[in-house]
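Me: I would like to learn how to read charged pairs and surface patches in a protein model. Could you take me through them step by step?

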Amino acid sequence: MSIPNAIYPGSFDPITYGHIDIVRRAKKLFPRLVIAIVANPNKRPFFSITERVKITKEALAETGVCGIEVISYDGLLIDCAKGIGATAVVRGLRANSDFDYEFQMALTNRNLDSEIETVLFMTAGCYSFLSSSIVKEVKRFGGDIDSFVPKIVEEALARKF
Ligand code: PNS
């Protein structure tokens, strides 16, 4: 049986230590793991797609995570997954509040393509409160985000604000 390629999709606006923790753990199960950043998420992104791809690559390099491809996509996630030969979708699950959305997304995607499975990773407890939105809010008001994101992300936010 062959080991599936996996895609880890999201807005990554910006990537946080919570995302990086999921990448490290998913990488152990899936030899080929591709981070796919949605170009036009439902929410208006803070960073452009070019910025998010660059920041994500640099954040992975800074934290010593190697061998992860970072791409962008527009349109349906399932089409992107098929395009790169992925048969698993990796997502992180934090609190209860994430569940409904992840459940809906996983079932929608399985209805669109029953060959692609969603695999949810429970967040590490220490990151269960963390989100890209919280990081931006704390930084906007001058708070310390050192324990939330790599230095490269903190610098990119500092330049924007
Ligand atoms: O980090 P996010 O914003 O929670 O990621 C959500 C994302 C980008 C994975 C999801 O919205 C998505 O896949 N959008 C692309 C459009 C799509 O495929 N929609 C149908 C599945 S919900």
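**Reading salt bridges and a surface patch**

Reply: The structure holds ten salt bridges, and please keep in mind that this is a predicted model. As a general idea, side chains of opposite charge can pair when their charged atoms come close.

Me: Which side chain meets Glu51 in a salt bridge?

Reply: Glu51 pairs with Lys160, and the N to O distance in this salt bridge is 3.3 Å. Glu51 belongs to helix H2 (residues 49-62) whereas Lys160 belongs to helix H6 (residues 151-160), so the pair ties together parts that are 109 residues apart in sequence. Glu51 is partly exposed, with a relative accessible area of 29%, and Lys160 is partly exposed as well, with a value of 38%.

Me: How many residues apart are Glu58 and Lys54 in helix H2?

Reply: They are four residues apart in helix H2, which means that about one helical turn separates Glu58 from Lys54. Their side chains meet in a salt bridge with an N to O distance of 3.2 Å, and Glu58 is partly exposed, its relative accessible area being 30%.

Me: With which residue does Lys82 form a salt bridge?

Reply: Lys82 forms a salt bridge with Asp113, and the closest N and O atoms of the two are 3.6 Å apart. This pair links distant parts of the chain, since Lys82 sits in helix H3 (residues 77-83) while Asp113 sits in the loop between helix H4 (96-112) and strand S5 (117-122), 31 residues apart.

Me: Is Asp113 buried or exposed?

Reply: Asp113 has a relative accessible area of 13%, and because buried means under 20%, Asp113 is buried. Lys82, in contrast, is partly exposed, with a relative accessible area of 45%.

Me: Which residues do salt bridges that share partners join into one network?

Reply: Lys139, Lys151 and Glu154 are the residues joined in this way, through salt bridges that have partners in common.

Me: Now that we have followed the charged pairs, which residues make the nonpolar surface patch?

Reply: Phe99, Phe103 and Leu107 make this patch, which covers about 270 Å². To look at one of its members, find Phe99 in helix H4, where Phe99 is partly exposed, with a relative accessible area of 38%.

Me: So, to read a charged pair, I can take the distance, then the place of each partner, and then the exposure.

Reply: Yes, and Glu51 with Lys160 is a good pair to practise on, with its distance of 3.3 Å, its partners in helix H2 and helix H6, and its two partly exposed residues.

How values were computed
Residues numbered from 1 in each chain as written. Predicted model: local features only at pLDDT ≥ 70, side-chain atom pairs only at ≥ 80, totals over all residues. Heavy atoms only, no water. Salt bridge = Lys/Arg side-chain N within 4 Å of Asp/Glu carboxyl O. Helix = DSSP H or I, 4+ residues; strand = E, 2+ residues; numbered from the N terminus. Buried < 20%, exposed > 50% of the residue type's maximum accessible area, 1.4 Å probe, protein only. Patch = residues over 30% accessible without salt bridge, like charges linked within 9 Å, V, L, I, M, F, W, Y side chains within 5 Å. Areas by Shrake-Rupley, 256 points an atom, 1.4 Å probe, with all protein chains shown as cover.
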